[in-house]
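Visitor: I should like a close look at a single part of this model, namely the sheets of the first chain and what lies around them. Before that, I would ask for a word on how far the prediction may be relied upon.

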Amino acid sequence: MTAPAIEAVDVSRTYQLDGVSVPALRGVSLAVAPGDYVALVGPSGSGKSTLMHLLGGLDRPTAGRLSIGGRDVTSLSAAELATLRNETIGFVFQAFHLLPRTSAVDNVALPLVYRGISARQRRDRAAAMLGRVGLGHRLDHRPNQLSGGEQQRVAIARALVTDPAVLLADEPTGNLDTATGATVLELLERLNAESGVALVLVTHDNDVAARARRRIAMRDGIVVADSAGERHDRPVRDAGGPPDTLVPAPSAESRSASGSGPGRPSGGTGGAAGATGRRGVDEP
Amino acid sequence: MRLAEAWRVALDALRANRLRSALTMLGVIIGVASVVILVAIGTGTKQKVEQQVEGLGSNLLLVVPGRLDVGSAPALSPLTLDDVDVVARVVGDPDRVAVTVASGATVRAGSRSDFSTVQGVLETTPSVFTRELSRGRYLTGSDVDTSRRVAVLGASVARALFPDRDPVGQQVTVSGVRFRVIGVFAPLGQSLGVDRDDEVHVPVTAAQRLYGTQRIDGIAVKAPDRERIEELGDRIVRELGRRHPGTEFSAVTQKQILGVLGDILGILTGVLAAIAGISLLVGGVGVSNIMLVSVRERTREIGLRKAVGARPRDIGVQFLLEAVLLTSIGGLTGMALGVGTALAVAAVSPVPAAVTWWSLALAFGVSAGVGIVFGVVPAQRAGRLDPVVALRSE
């Protein structure tokens, strides 16, 4: 069994707001395997963004153990964490976050700048990566000369130019129309299949989540459903929250627990359990 | 991140906000330019004064009664022409000893008159001081020996009394006594605000008779040996002290005069530079202010850079370089402006200005330093930004 790209064990994150402790994550355990395709779903305020920041090494947990690329992040300095992000993680954001007044190829090359790679090599690698996302003809266009879908593809190229182990995409289709969003999603899936980069997709769009191999549902700072548990017989943390948080999901989980175990046809393809689990995190 | 890359990023950032960058630089430009200009004027003035003092003649030793301290009243001179002979014996060459007995007097020629300094001197004056004639001849030994009433006019006096004819051979009256003009000095210009061309030289013997006195005011010696000039001064002072018990004498070298003047003018230049430095400081505060604005504006960019692997130090260096670039470009522009203005001032006005390399180096160093000092706080702030918060900012 290969070591997970990211592993969180009982991770909590509490914010201090005006002296009041606000728990955003309350003991989350999960592992992202190399090459995995995970959808992280949940309503706003469920802690999925906080979890993504932790998984991406942008933030550190207040409790629990988190390792990224085999390194325990709690002991790393801000600079070491930055280097770890550069080497292990690629980010795609809802708002693209491209540098304005900077060409597509320079935007893509940005992470390589912090690796001390020469300008020529940076350009070569960035241009090759833009070719892979279908923008080989738009190297020197600036973000304001590109459509939304093209901008997000530039951002995807930027995330992958460092050849990371994990690609974290935070609502990557959120700012795009349906057709464009679908194209971007297909691109992410193709890259996931081709290059073996693990894809973690944060989304509240059920159609998007339905396509993932594995779905993790969150609510009130905890994981309430993880379809990986069904496939690998992993213990899934039960929804300990208020009873109204999950309507059909517990039944799905209990069915899974009492069911035939391994070999259930619910795993990667989005079968019945996945569908109910998905419905479970819908807003009432 | 490589430094070259950081420079490029900083330059891009400045280019993105051209007007704001230019206005921020303006503070530094004005500060640096004023430092360069004021130091140039101070240095130029100092050089000019030094030239004039040196123009008096090299190896010069001035012997005067009393002590040459600031604030001490000039003593009434007990020196006479006999003392001059003694000094000449100490020096070993009478031609190297000049004297003066000076007084302000009205010099007339026909209906014109001029109030000038009338100096009784020996014929040795041109061999001690550097004085050139434009017309006629200087006093001779026999003029002095026979108290002949002949006069050599300074350029200003000659111009005032004889604006339209050759003064040589003409008559002038000094305090009512007639003198014949035998020569005119070449113009010297002003020194420390004194018109050095406004003087009349007559034989010391004639001057003493004119003023009804035996005294002379001071003795000037051109030392034969530059190395032993101070020793010679000591010997002269000792000898005169023996002849006039109870009176103190001073022998001042040109070097000492230059030293005192140089100190005063150096302080003046320093004060001017400090005042100009304050404006440079104000410019630096402007840079700091703009950098803080820039950090706030580009919070999202900072967040993104951090997300893709920029360490706090990378971000800090980027913003620090931006500040340094602002002040350095401002500094270079200010230097160019300062040098140009200083040269223009020197060319079109009587104010002397000399641009020195050290003032340029200092001005540039200080402006770059201002960038560092005033860029550190914004840069640290940028470096410490939490990437999560920064990415979320609008």
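Visitor: What is the mean pLDDT of chain B, and what percentage of its residues reach 70 or more? With that settled, please take me through the sheets of chain A.

Guide: This is a predicted model, and chain B has a mean pLDDT of 86, with 95% of its residues at 70 or more. Within chain B, the highest confidence belongs to strand E5 (residues 150-153), at a mean of 94, and the lowest to strand E8 (residues 190-191), at 63. For the complex, the predictor reports a pTM of 0.68 and an ipTM of 0.80.

We may now turn to chain A. Its secondary structure consists of ten helices and ten strands. Of the 284 residues in this chain, 49% are buried. If one takes the contacts in chain A between residues at least 6 apart in sequence, 69% of them join residues at least 24 apart.

Let us begin with the sheet of four strands. This sheet is open and antiparallel, and its strands in chain A follow the order E2-E1-E4-E5. At its edges stand E2 (20-32) and E5 (71-72) of chain A, each of which has a pairing partner on one side only. Strand E4 (residues 63-68) of chain A is joined to E5(A) by two bridges in the antiparallel sense. In this pairing A:Ile68 stands opposite A:Arg71. Against the sheet packs helix H1 (residues 48-55) of chain A, which touches E1 (6-17), E2 and E4 of the chain. The direction of H1(A) makes about 120 degrees with that of E1(A).

The other sheet to consider has six strands. It too is open, but its pairing is mixed, and the order in chain A is E6-E7-E8-E3-E9-E10. Its edge strands are E6 (89-92) and E10 (222-226) of chain A, each pairing on one side only. From one strand to the next, the twist averages 20 degrees.

Within this order, strand E3 (residues 37-41) and strand E8 (residues 198-203) of chain A run parallel and are joined by five bridges. Here A:Val38 stands opposite A:Val200. A:Leu40 deserves attention as well: leaving aside residues up to four places away in sequence, A:Leu40 touches eight listed neighbours, among them A:Val200, A:Leu201 and A:Val202. A:Leu40 also touches A:Lys48, A:Leu51 and A:Met52, residues whose numbers fall within helix H1 of chain A.

How does this region enter the nonpolar interior? The largest nonpolar core has 126 residues, and those touching the most other members are A:Leu40, A:Val166, A:Leu167, A:Val200 and B:Val36. Its largest share, twelve residues, is supplied by helix H2 (residues 18-55) of chain B. Another core, of 55 residues, lies apart from it and includes B:Ala105, B:Tyr138, B:Val157 and B:Ala220.

Finally, there is the meeting of the two chains. In chain A, 19 residues are in contact with 19 residues of chain B. Helices H2 (78-88) and H3 (104-113) of chain A each supply at least two residues to the side that touches chain B. H2(A) gives the most, with six residues. By character, the residues on this side of chain A are ten nonpolar, five polar and four charged.

Terms used. Residues are numbered from 1 along each chain as its sequence is written. Chains are lettered from A and ligands numbered from 1 in the order in which they are written. This is a predicted model: local features need pLDDT of at least 70, side-chain atom pairs count only at pLDDT 80 or more; totals for chains, interfaces and linings use all residues. Two strands pair if DSSP finds at least two bridges between them. Two residues are in contact if their C-beta atoms, placed from the backbone, lie within 7 Å. Axes are lines fitted to C-alpha atoms, for helices over the stretch in contact, and angles run from 0 to 180 degrees between N-to-C directions. pLDDT is the predictor's confidence in each residue, from 0 to 100. A residue is buried if 20 or more other C-beta atoms lie within 10 Å of its own, exposed if 12 or fewer, and partly exposed in between; C-beta atoms are placed from the backbone. Ala, Val, Leu, Ile, Met, Phe, Trp, Tyr, Cys and Pro count as nonpolar, Asp, Glu, Lys and Arg as charged, and the others, Gly among them, as polar. A nonpolar core is a set of buried Ala, Val, Leu, Ile, Met, Phe, Trp, Tyr and Cys residues joined through C-beta atoms within 7 Å.
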